[in-house]
Amino acid sequence: MVMDSDLDLMLRVRQGDADSFGELLRRYRTPLVKYFCRLVRDQALAEDLAQEAFLRVYKARHRYRPDARFTTWLYRIATNLALNAIRDGRGRQRLDVNGSGEDGEASFEFVDPGISVEQQLIETDRGRMIREAIEALPENQRAAVILHKYQDIDYRQIGKILKVSESAVKSLLFRAYETLRARLEPLVRGGQL
Amino acid sequence: MKCQEREKLFLLVHQMLEPQEAEAMRRHLAGCAECTRAAEEYRELDTALDGWSVAEPSPWFDAKVRARVASSARKNSGFFGFGRVRALAAGMAAVALILAAVVVFHHHVVENHQPAISQPQPVASAAVPEPPATTDAQRQPLPAAEQLKMDENLSLLEDYDVVSNFDALSELPQANDN
């Protein structure tokens with residue numbers, strides 16, 4: 001069976017097809033919630049923002065232009081929501097999922113419960129290091145890295161999402177990865193803590 | 001290694017170089033141990049970043065989205081659909097009611113104020129007319145007969161002051177209703 005493209009689904013959503021909206025929801029709920037989780041660091045807020053993003057897609061369905069990729073549109077909405085939440089100070093709370101970090105703050109990293117406790121501790125520490133390194137990046141670099149690395153979005157599309165040129169995206173990503181390379185040296189050299 | 005070369009190396013590893021530039025960079029890599037090591041570091045960093053996992057959406061995520069969409073749709077149908085006509089009619093009726101209340105109130109206020117404005121001076125001041133402007137001739141001493149008459153009426157004038165000042169009466173203790 002040939003899967004409907006996002007574009008086809010979105011065009012049907014414009015005509016009021018609830019099933020097509022449901023299919024888009026099924027396809028993008030996980031990537032979107034994870035995207036928000038990494039940007040705002042709070043699971044409840046991430047889910048709330050992801051719901052808001054889908055609601056905005058629904059509300060703005062008549063303004064959707066078929067010449068733009070659905071994911072570009074979706075992630076642009078999502079990025080605006082996330083950056084606004086961070087600027088409002090709503091993205092600073094942490095959710096205690098796996099105990100406390102070194103600094104006594106609850107950590108947010110999620111680890112596979114199927115692995116050993118020792119491995120879980122290593123994974124949590126590794127995750128915390130990565131998170132802190134990425135969070136320390138400037139806003140645009142952070143969004144670019146998360147879109148590129150974790151959402152698997154092409155740099156051309158990242159440019160459209162962040163409303164910057166392709167060369168600016170390349171430069172953003174290079175500077176971000178250079179910073180991360182320096183900060184995460186213990187992880188990079190030897191691959192273990 | 002120059003920064004620009006390093007950026008090209010990064011772009012090569014992440015497949016962001018144009019084909020011609022990528023080919024030239026690959027040729028350079030084949031003969032440069034330093035750049036080959038740097039490229040390997042970028043790959044290791046990319047692998048290391050995989051270590052940051054986050055939670056999946058909660059099981060009730062879809063239900064919450066659908067509820068919010070349904071709520072929004074209900075509000076919109078109330079505004080954009082038939083409900084809009086009713087909302088506009090109700091709004092217009094409310095505006096008309098407010099306007100009518102303002103007009104009635106204004107009319108009432110004008111009616112209450114008009115007689116007070118047209119009335120002459122208060123009674124008390126009417127009883128004591130302003131003395132006519134005196135001239136130098138009038139300031140001459142009165143004849144003795146007129147002076148005597150005025151002295152006789154002096155007590156009456158004093159009484160008039162008391163009678164005209166009703167505020168003084170208000171200071172008397174109030175009569176007990178019981």
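Helix axes are taken here as lines fitted to C-alpha atoms over the stretch in contact, with angles running from 0 to 180 degrees between N-to-C directions. The structure is a predicted model, in which local features need pLDDT of at least 70 and side-chain atom pairs count only at pLDDT 80 or more, whereas totals for chains, interfaces and linings use all residues. Residues are numbered from 1 along each chain as its sequence is written, and chains are lettered from A in the order in which they are written.

The axes of H2(A) and H3(A), both DSSP runs (H or I, at least four residues) numbered from the N terminus, come within 8 Å and cross at roughly 140 degrees. H2(A) is therefore oblique to H3(A), a class that holds angles not under 35, not over 145 and not from 65 to 115 degrees. The crossing is right-handed, the near helix being turned clockwise from the far one by less than a right angle. Among the H2(A) residues that meet H3(A) are Phe21(A), Leu25(A) and Phe36(A), contact requiring C-beta atoms, placed from the backbone, within 7 Å.

For H3(A), the 17 residues should span 24 Å at 1.5 Å a residue, which agrees with end C-alpha atoms 24 Å apart, the expected span being 1.5 Å times one less than the number of residues. Buried residues of H3(A) include Leu45(A), Leu49(A) and Phe54(A), burial requiring 20 or more other C-beta atoms within 10 Å of a residue's own.

Between the chains, 34 residues of chain A are in contact with 25 residues of chain B. Helices H2 (18-40) and H3 (43-59) are among those of chain A that each supply at least two residues of the side touching chain B.

Technical notes
Contact = placed C-beta atoms within 7 Å. Buried ≥ 20, exposed ≤ 12 C-beta atoms within 10 Å, placed from the backbone.
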